[in-house]
Amino acid sequence: NNTAVTLSQTVEQSWGDVQTSYQRRNDLIGNLVNTVKGAADFEKSTLTAVIEARAKATAVTVDPTNITPESGVSSSLSRLLVSVEKYPDLKANANFLKLQDELASTENQILTARTRFNEAVKPYNTHIKTFPNSFFAGMFGFREKAYFQAVTGAEKPVEVKF
């Protein structure tokens with residue numbers, strides 16, 4: 001009986017670890033996707049401003065008589081230089097790589113937790129099903145525990161939309 005109780009508690013703890021991994025995924029993935037979307041949108045607008053400033057600056061022939069506030073050249077050049085100084089390396093790529101790493105890490109943690117759960121179920125089930133334990137297990141209310149099984153359709157990858 002004591003061994004069955006100990007093994008049952010190990011199974012329960014292992015399932016709790018699986019649930020913790022699921023919660024981590026739920027908490028993390030939505031926030032990461034939104035963060036990356038926000039960074040990508042900001043960097044897209046910055047890049048657009050840089051491209052427009054460069055186009056405007058190169059669209060006019062620059063000579064000493066041509067640089068006036070009305071021409072817009074000096075302000076375009078200054079915006080271009082400020083943008084380049086502030087954002088020499090647009091980081092959306094790094095954000096997407098971080099998202100990809102976090103997705104892989106989270107899914108690996110879930111896989112590990114599920115595997116450990118199944119590893120905890122096996123000795124429990126073996127213990128309560130072998131004689132003479134099987135005779136007493138039913139009397140004390142110990143029932144076989146199910147192994148983790150994926151839900152129907154889980155073999156298909158999850159789609160992350162931006």
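The secondary structure of the chain, taken from a predicted model, consists of 4 helices and 0 strands. Along the sequence, the elements follow the pattern α-α-α-α. The chain has 162 residues, of which 25% count as buried. Among the contacts with a separation of 6 or more, 77% are made by residues 24 or more positions apart.

The largest nonpolar core is made up of 14 residues. Val11, Val18, Phe117, Tyr124, Ile128 and Phe142 have the most contacts inside this core. At least two of its residues are supplied by each of helix H1 (2-58) and helix H3 (92-129). Helix H3 provides the largest share, with 7 residues. Apart from this core lies another, comprising 6 residues, among them Leu28, Ile29, Val33 and Val36. With residues up to four places away in sequence left out of the count, Phe142 touches Asn1, Ala4, Val5, Ser8, Tyr124, Ile128 and Ala137. Two of these partners, Tyr124 and Ile128, are listed with Phe142 among the residues with the most contacts inside the largest core.

Following H3, the backbone contains a cis peptide bond between Phe131 and Pro132, for which omega is about 10 degrees. Pro132 is located in the loop that lies between H3 and helix H4 (133-139).

Salt bridges were examined next. In general, side chains of opposite charge can pair when their charged atoms come close. The count for the model comes to 4 salt bridges. One of them is formed by Lys145 and Glu12, whose closest N and O atoms are 3.1 Å apart. This pair links distant parts of the chain, since Lys145 belongs to the segment after H4 and Glu12 to helix H1, 133 residues apart. Glu12 has a relative accessible area of 41% and is therefore partly exposed, as this class covers values between 20% and 50%.

A further salt bridge joins the side chains of Arg25 and Glu107, with an N to O distance of 3.2 Å. Here too the pair links distant parts of the chain, with Arg25 in helix H1 and Glu107 in helix H3, 82 residues apart. Arg25 counts as partly exposed because its relative accessibility is 24%. Glu107 likewise counts as partly exposed, at 37% relative accessibility.

Glu144 and Lys129 form another salt bridge, in which the closest N and O atoms are 3.3 Å apart. Glu144 lies in the segment after H4 and Lys129 in helix H3, so that the pair links parts of the chain 15 residues apart. The relative accessible area of Glu144 is 49%, which places this residue in the partly exposed class.

The space left between the protein atoms was also analysed. The largest pocket holds about 270 Å³ of space. Its lining consists of 14 residues, and Arg25, Glu107, Arg114, Ala150 and Ala154 lie nearest its centre. Arg25 and Glu107, which meet in a salt bridge, are thus both found among the lining residues nearest the centre of the pocket. By residue class, the lining divides into 9 nonpolar, 1 polar and 4 charged residues. H1 and H3 each supply at least two residues of this lining. The greatest contribution to the lining comes from H3, with 4 residues. Helix H3 accordingly gives the most to the lining of the largest pocket and also supplies the largest share of the largest nonpolar core.

Notes. Residues are numbered from 1 along each chain as its sequence is written. This is a predicted model: local features need pLDDT of at least 70, side-chain atom pairs count only at pLDDT 80 or more; totals for chains, interfaces and linings use all residues. Side-chain values use heavy atoms; hydrogens and water are left out. A nonpolar core is a set of buried Ala, Val, Leu, Ile, Met, Phe, Trp, Tyr and Cys residues joined through side-chain atoms within 4.5 Å. Buried means under 20% relative accessible area, exposed over 50%, partly exposed in between (1.4 Å probe, protein chains only). Contact means heavy atoms within 4.5 Å. On a 1 Å grid over the protein atoms alone, a cavity is a set of points where a 1.4 Å probe fits but cannot get out, and a pocket is an open set with protein on both sides within 12 Å along at least five of seven lines; lining residues have an atom within 4 Å of a point. Grid points are joined across faces, edges and corners, and a volume is the space filled by probe spheres set on the points. Ala, Val, Leu, Ile, Met, Phe, Trp, Tyr, Cys and Pro count as nonpolar, Asp, Glu, Lys and Arg as charged, and the others, Gly among them, as polar.
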